[in-house]
Amino acid sequence: MNAKEWKKKVCVEPKNGYERLSAEERERMNAYCTAYKAFLDAGKTERECVQESVRLAEAAGFRPYVRGMALEAGDRVFFNNRGKMLILAVVGRLGLEEGVQMTAAHIDSPRLDLKPNPLYEDSELAYLKTHYYGGIRKYQWVTIPLELHGVVAMKDGRTLSVTLGGERGEPRLVISDLLPHLGAEQNKKPLSEGIKGEQLNLLIGSEPLSGNGGEEGEEGAKDRVKLNVMKLLYEKYGFTEEDFISAELEAVPAFDAVDVGVDASMIGAYGHDDRVCAFAALRAVLDLDAAPERSAVCVLADKEEIGSVGVSGMRTAAFDTFMEDLCQAQNVPLRACLERSFCLSADVTAAFDPNFPDVFDKRNAARFNRGIALNKYTGARGKSGASDASAETVAAVRRWFDDAGVTWQMSEMGKVDAGGGGTVALFMANRNIDTLDAGVPLLSMHAPFEVAAKLDCYMTFKAMEAVCRAHR
């Protein structure tokens with residue numbers, strides 16, 4: 001063979017995914033991305049994502065799992081864990097002793113949570129104090145429109161749903177920033193210190209309550225802007241200031257998901273991390289039209305951005321309990337099921353950004369439009385916090401994806417000592433499940449407005465389908 005033939009035989013030549021995308025598949029890609037954008041707009045918090053996922057699941061024939069219920073091949077069930085984590089399963093033709101094909105993603109995203117005592121007035125302006133959630137760059141969250149989503153749990157057992165700013169025409173919230181004319185000292189600070197966490201206070205009102213009849217210093221005369229805000233919240237939602245103590249209220253960007261670029265080849269939105277993978281995993285299991293060979297399980301977990309902790313994070317025993325219940329119905333030990341299972345830990349990764357090339361290893365960076373990015377390991381620096389998939393696991397996934405026509409790429413998240421990130425992979429691997437990280441490459445990850453390529457979103461969905469249908 002000549003050099004050209006040898007090169008074709010033994011060398012890798014990455015290609016842009018559009019070079020192999022047929023017109024028919026382009027139509028499917030666009031339809032999928034339209035549905036994904038609707039999912040993003042409907043689910044701006046983990047609770048809303050679960051609600052929307054349950055709605056879609058029930059429309060696809062899934063039913064709530066009840067412990068002890070009989071299950072047969074093809075049955076479709078889901079387990080809703082406290083409204084913040086969702087596990088779906090389609091029972092396969094083989095018994096659970098053969099393991100399951102699993103996809104796991106997270107549905108929480110970086111945001112601003114209200115503090116337990118958030119409302120105050122200062123200089124005749126009313127504010128809500130926040131505590132940021134997950135790894136944010138604080139300067140990105142000022143001077144952008146924000147919405148408030150969540151619940152207020154009342155002492156009488158009721159749970160009130162709160163959405164402020166989510167509907168067209170509703171007022172929005174904002175965090176103010178210092179004007180450049182007075183910003184000389186602020187400009188001298190490092191980027192990470194230009195805005196401090198305690199300055200991320202939501203501006204919520206400026207009009208004082210009128211007609212109280214009190215003189216300055218009398219009860220009810222002070223903090224009348226705060227009082228007016230609380231009056232309006234009580235009239236609309238029915239809770240008092242004390243009820244903030246048992247509330248979960250989240251400030252999120254007031255952006256709808258939109259196409260980006262003259263060619264509309266990208267999607268810009270809040271919450272790509274990690275709802276872009278969560279929706280792909282969800283759709284793949286919903287679209288199974290018959291009993292797969294092995295049972296397919298989709299896990300949509302909470303709390304990944306703060307370590308996968310708590311009763312709804314991936315470390316929770318709720319996952320093990322659900323899997324054990326399924327196994328007991330077939331008289332299969334849970335450990336026997338998990339040791340023969342596979343999990344695709346689906347989380348976003350960093351796309352190579354030509355504006356910031358110094359932090360990337362170009363030979364190993366994920367690129368837009370080259371499909372789902374596989375990460376043998378994530379973690380930081382010396383692979384700290386990674387599960388580091390085995391060579392055999394990576395080879396099996398390569399085969400599944402190639403057989404299914406999935407466009408994929410191998411990647412790392414930045415240079416070795418540039419930083420890093422984690423996923424739920426290590427928590428699945430700790431359960432003796434063969435696990436590999438994979439996901440959609442993003443620009444501006446963790447920003448209020450992230451960007452993903454449509455082709456990569458669609459190929460991630462195809463990859464999830466391949467996992468659910470794989471023959472091992």
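This text leads the reader through the strand pairing and the cysteines of a predicted model.

Residue numbers start from 1 along each chain as its sequence is written. Because the model is predicted, local features need pLDDT of at least 70 and side-chain atom pairs count only at pLDDT 80 or more, while totals for chains, interfaces and linings use all residues; side-chain values use heavy atoms, with hydrogens and water left out.

The strands come first. Strands are DSSP runs of E with at least two residues, numbered from the N terminus, and two of them pair if DSSP finds at least two bridges between them. Strand 5 (residues 111–122) pairs with strand 6 (residues 125–133) in the antiparallel sense, over 8 bridges. Within this pairing, Leu 114 lies opposite Thr 130 of strand 6. The two strands, 5 and 6, form a hairpin with 2 residues between them, and Ser 123 in the turn has a positive phi of about 55°. Strand 6 also pairs with strand 9 (residues 202–205), again in the antiparallel sense, over 3 bridges. Here Tyr 127 has Leu 203 in strand 9 as its bridge partner.

The cysteines follow. A disulfide is a covalent bond between the sulfur atoms of two cysteines. The criterion applied is a pair of cysteine sulfur atoms within 2.5 Å, and by this rule there are 0 disulfides. Cys 277 is in no disulfide, and the nearest cysteine sulfur, that of Cys 457, is 8.5 Å away. For Cys 327, the closest cysteine sulfur is in Cys 337 at 3.9 Å, which is too far for a bond. Cys 277 counts as buried (under 20% relative accessible area, 1.4 Å probe, protein chains only), because its relative accessibility is 0%. Cys 327 likewise counts as buried, at 0% relative accessibility.

Conventions. Buried < 20%, exposed > 50% of the residue type's maximum accessible area, 1.4 Å probe, protein only. Helix = DSSP H or I, 4+ residues; strand = E, 2+ residues; numbered from the N terminus.
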